[in-house]
Amino acid sequence: MWRCGRYVPPLMDTDPGEESLPVRRGRVRPVSRVLSLFLAVFARHFDSAALEVREKTINVLKANVRLSECRNFVFYEDGLKFYTLAPSAKCPLLHPSRNILRLGRSTSATRRPASVGEAVADRTMAKTVAVIGAGVSGLASLKCCLDEGLEATCFERGDDIGGLWKFMEHVEDGRASIYKSVVTNTSKEMSCFSDFPMPERFPNFLPNYKLMDYFQMYAKHFDLLKRIQFKTVVCSVRKRADFATTGQWDIVTEKDGKQETTVFDAVMVCIGHHVEPYLPLDSFPGIEKFKGQYFHSREYKFPDGFKGKRVVIVGMGNSGADLAVELSHTADKVFLSTRRGSWVMSRVYDRGYPWDMVFNTRFKNWFRNSLPTSIAIWMTNRKMNSWFDHANYGLHPEDSSQWKEPLFNDELPSRITCGYVVTKPNVVQFTETSARFDDGTVEEDIDVVIFATGYTYSCPLLEDCGISNLDVNSLYRKTFLPNLEKPTLAVIGLIQPLGAIMPTTEMQARWVTRVLKGLCKLPPLEKIMEDIAKKKKTLVERFGTRRQNSLQLDQIEYFDELATEIGAKPNIPFLFLTDPLLALELFYGSCTPFQYRLVGPGKWPGARHAILTQWDRIVLATRNRDAKIQQDHSPMLVVLFLLGLFATLIMFVFF
Ligand SMILES: Cc1cc2nc3c(=O)[nH]c(=O)nc-3n(C[C@H](O)[C@H](O)[C@H](O)COP(=O)(O)OP(=O)(O)OC[C@H]3O[C@@H](n4cnc5c(N)ncnc54)[C@H](O)[C@@H]3O)c2cc1C
Ligand SMILES: NC(=O)c1ccc[n+]([C@@H]2O[C@H](COP(=O)([O-])OP(=O)(O)OC[C@H]3O[C@@H](n4cnc5c(N)ncnc54)[C@H](OP(=O)(O)O)[C@@H]3O)[C@@H](O)[C@H]2O)c1
């Protein structure tokens with residue numbers, strides 16, 4: 001209807017059915033549909049009142065109405081999610097006096113949050129999306145759904161957002177668990193979401209509680225909390241019987257001991273992959289006889305209770321190194337056992353800047369990839385050993401020709417050189433009180449063994465839909481299952497980039513939501529399988545075949561690949577002509593996530609400024625007093641002085 005020269009879609013209006021589109025039993029008159037589409041487009045762009053109505057409409061749809069109880073009732077939907085209800089006297093759920101649905105929960109176990117098969121005209125793409133998990137990946141997915149106008153509901157088993165970053169004193173089943181002292185190993189400019197930089201005074205690397213503050217700000221800013229159902233576990237995800245045509249899913253959730261099934265058009269699985277400990281006890285003969293304490297690093301929370309103990313830590317990933325350093329301040333002795341070593345990098349990199357700001361630039365990435373492999377390896381080895389010689393510290397990686405996630409620890413070399421941490425090779429045998437290592441040495445009187453042996457992952461909640469073994473490298477672009485009849489299920493965050501995971505999952509979510517919306521198309525199956533095979537080969541060449549490397553990827557290539565799909569990749573050659581300052585920063589500066597908000601859908605007006613000020617924010621985090629720097633004598637002057645002296649000497653000798 002038109003009011004004051006503005007179009008207001010008729011739903012929820014006080015005149016029941018007055019101008020509702022004449023829709024009957026799932027059939028839509030083409031003329032009405034075209035007209036409604038036109039009006040809706042018009043309304044969406046020019047009428048804030050229409051948006052208000054849309055909000056109300058969504059509330060109606062969220063009312064979990066069982067449409068099968070409501071056979072004489074039909075609602076109409078257009079591509080922009082404006083919904084119109086047609087009146088029906090017989091519909092038990094219809095409000096008696098108005099043409100709206102009565103709000104309230106269905107008593108049945110089957111809930112339907114939105115339009116479903118029989119009631120909807122022309123369903124070709126997803127409208128309702130279940131986001132499972134409210135960690136980094138879930139928050140990004142939820143926000144991207146909302147950006148695309150998808151009706152998303154997020155289910156989170158915990159009582160807060162943030163996933164593993166929410167520190168808890170006790171380990172909870174089915175959830176990731178961190179220790180109290182965890183600090184990010186990726187910097188704030190690289191770890192933020194692309195349209196929401198971290199506050200400039202935040203530290204460059206964030207303790208977990210500070211990162212949680214950032215997530216809270218993000219959720220508040222984009223109004224995400226009201227879409228999250230906390231303390232709700234998703235028990236299973238099942239294809240519906242008509243999946244081949246609708247692509248819909250039954251999501252079984254459990255809250256307060258009560259199960260419910262809800263139908264969704266699409267699912268984004270964001271459940272993390274640091275939940276199931278990998279504890280290869282079979283590889284450690286004698287451990288069953290060991291009389292001390294042993295446990296996985298996931299169980300570790302604080303250093304209390306380790307005073308005077310002799311501790312063996314098995315595995316030297318980031319967890320093993322962090323625990324070794326922390327415990328070395330309390331324990332009597334810490335033995336850090338690594339079977340194949342690792343590069344150790346400092347968060348504080350060249351000239352004190354965060355490592356990832358210096359390392360992850362487009363130029364360096366291009367340079368590294370253009371060099372012959374042997375030269376690239378030689379250069380990497382040189383660079384990695386410039387801080388300290390890894391061989392002298394017993395840390396040199398066994399196969400340095402392949403990339404393994406480096407570990408970031410500013411203190412480890414210092415604790416080793418001071419003798420508090422002793423590096424050891426692999427443990428070959430435990431006895432009741434000792435550990436024998438594969439160089440033949442034995443350490444006696446061991447009190448505690450901590451297995452910092454990493455994580456494994458599976459996805460039991462997908463078992464009901466025939467997906468028991470979620471092999472990330474068999475997913476198309478690490479997200480979509482290739483063999484589904486409809487691409488309506490995506491896995492987000494099952495990756496381990498050489499860089500921050502936050503903007504990477506966000507980029508996945510931006511692309512996935514556009515696929516769900518029907519705005520991006522997946523290629524034919526044959527091409528998908530070709531791509532998967534090609535990526536598997538590259539992964540092996542670059543990262544090897546080890547279990548824990550299977551999730552790794554080259555971040556900038558991956559960013560660019562997905563950004564190209566959605567039209568958000570910046571055109572740097574063109575920018576060199578139109579905005580050279582920005583182009584220079586994009587190419588030679590850090591590849592911060594803001595780059596992917598300069599153009600395309602989700603373009604953010606603050607992106608250019610955020611890029612050009614990223615180094616300022618890095619410095620602001622550390623420069624809390626203005627150092628009075630004495631003027632250096634210019635080296636040029638010294639050179640000139642020496643040249644002058646030399647010339648005088650020559651004159652004196654020869655003339
Ligand atoms: C100790 C540690 C430090 C790390 N440091 C960094 C770092 O510095 N930088 C970096 O980029 N990455 C880091 N990572 C990687 C880390 O995985 C990511 O930063 C990120 O937190 C992953 O987020 P996620 O949302 O994918 O998973 P999670 O954070 O694990 O979140 C998953 C969420 O899903 C919920 N959930 C799971 N199953 C269900 C279900 N069935 N129903 C309902 N809800 C469910 C969980 O409760 C949880 O809230 C670190 C990992 C670890 C273990
Ligand atoms: N922000 C932070 O500071 C921080 C802190 C902790 C963890 N994290 C992240 O969390 C993730 C998990 O890290 P993680 O350190 O727990 O696990 P991880 O990186 O997978 O490391 C596991 C370690 O265990 C070793 N290992 C596995 N199986 C073994 C066996 N059978 N025998 C001997 N050694 C074995 C591995 O050795 P090999 O290398 O020889 O296989 C590896 O060094 C990583 O992405 C990491 O970056 C980050």
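Visitor: Which helix gives the largest share of the shell around ligand 1, and how many residues does that share hold?

Guide: Helix 3 does, with 3 residues. The model is predicted, so local features need pLDDT of at least 70 and side-chain atom pairs count only at pLDDT 80 or more, while totals for chains, interfaces and linings use all residues. Residues are numbered from 1 along each chain as its sequence is written, and chains are lettered from A and ligands numbered from 1 in the order in which they are written.

Visitor: What counts as a helix or a strand here?

Guide: Both are DSSP runs numbered from the N terminus: H or I over at least four residues for a helix, E over at least two for a strand.

Visitor: And which residues are closest to ligand 1?

Guide: A residue is near a molecule if its C-beta atom, placed from the backbone, lies within 6 Å of it. Here 34 residues surround ligand 1, and the closest are Gly133, Gly135, Gly163, Gly272 and Gly493. Helix 3 (136–147) and strand 9 (233–239) are the elements that give two or more residues to this shell.

Visitor: How do the residues around ligand 1 divide by class?

Guide: Ala, Val, Leu, Ile, Met, Phe, Trp, Tyr, Cys and Pro count as nonpolar, Asp, Glu, Lys and Arg as charged, and the others, Gly among them, as polar. The shell around ligand 1 has 17 nonpolar, 14 polar and 3 charged residues.

Visitor: What surrounds ligand 2?

Guide: Its shell holds 29 residues, the closest being Gly315, Gly317, Asn318, Ser319 and Gly454. Helix 6 (residues 318–327) supplies the largest share, 4 residues. By class there are 8 nonpolar, 16 polar and 5 charged residues around ligand 2.

Visitor: Helix 3 came up earlier; how do I read its packing with helix 11?

Guide: Two packed helices are described by the angle between their axes and the distance between the axes. Axes are lines fitted to C-alpha atoms, for helices over the stretch in contact, and angles run from 0 to 180 degrees between N-to-C directions. The axes of helix 3 and helix 11 come within 8 Å and cross at roughly 35°. Their crossing is right-handed (the near helix is turned clockwise from the far one by less than a right angle; anticlockwise would be left-handed).

Visitor: Which residues meet there?

Guide: Contact requires C-beta atoms, placed from the backbone, within 7 Å. Among those meeting are Val136, Ala140 and Cys144 in helix 3, and Met502, Ala509 and Arg510 in helix 11.

Visitor: How does helix 11 meet helix 13?

Guide: The axes of helix 11 (residues 502–517) and helix 13 (residues 555–566) come within 9 Å and cross at roughly 25°. That makes the two helices roughly parallel (angles under 35 degrees; over 145 is roughly antiparallel, 65 to 115 roughly perpendicular and the rest oblique). This crossing is left-handed. The contact includes Met507 and Trp511 of helix 11 and Tyr558 and Phe559 of helix 13.

Visitor: What is the strand order in the sheet that holds strand 25, and how do its strands pair?

Guide: Strands of a sheet pair through backbone hydrogen bonds, either parallel or antiparallel. Two strands pair if DSSP finds at least two bridges between them. This open sheet of 5 strands has the order 8-7-6-12-25, with parallel pairing. Strand 8 (228–229) and strand 25 (489–491) each have a single partner strand, so one side of each is left without a neighbour in the sheet. Strand 12 (residues 266–269) and strand 25 pair over 3 bridges, and Val269 stands opposite Val491.

Technical notes: Contact = placed C-beta atoms within 7 Å.
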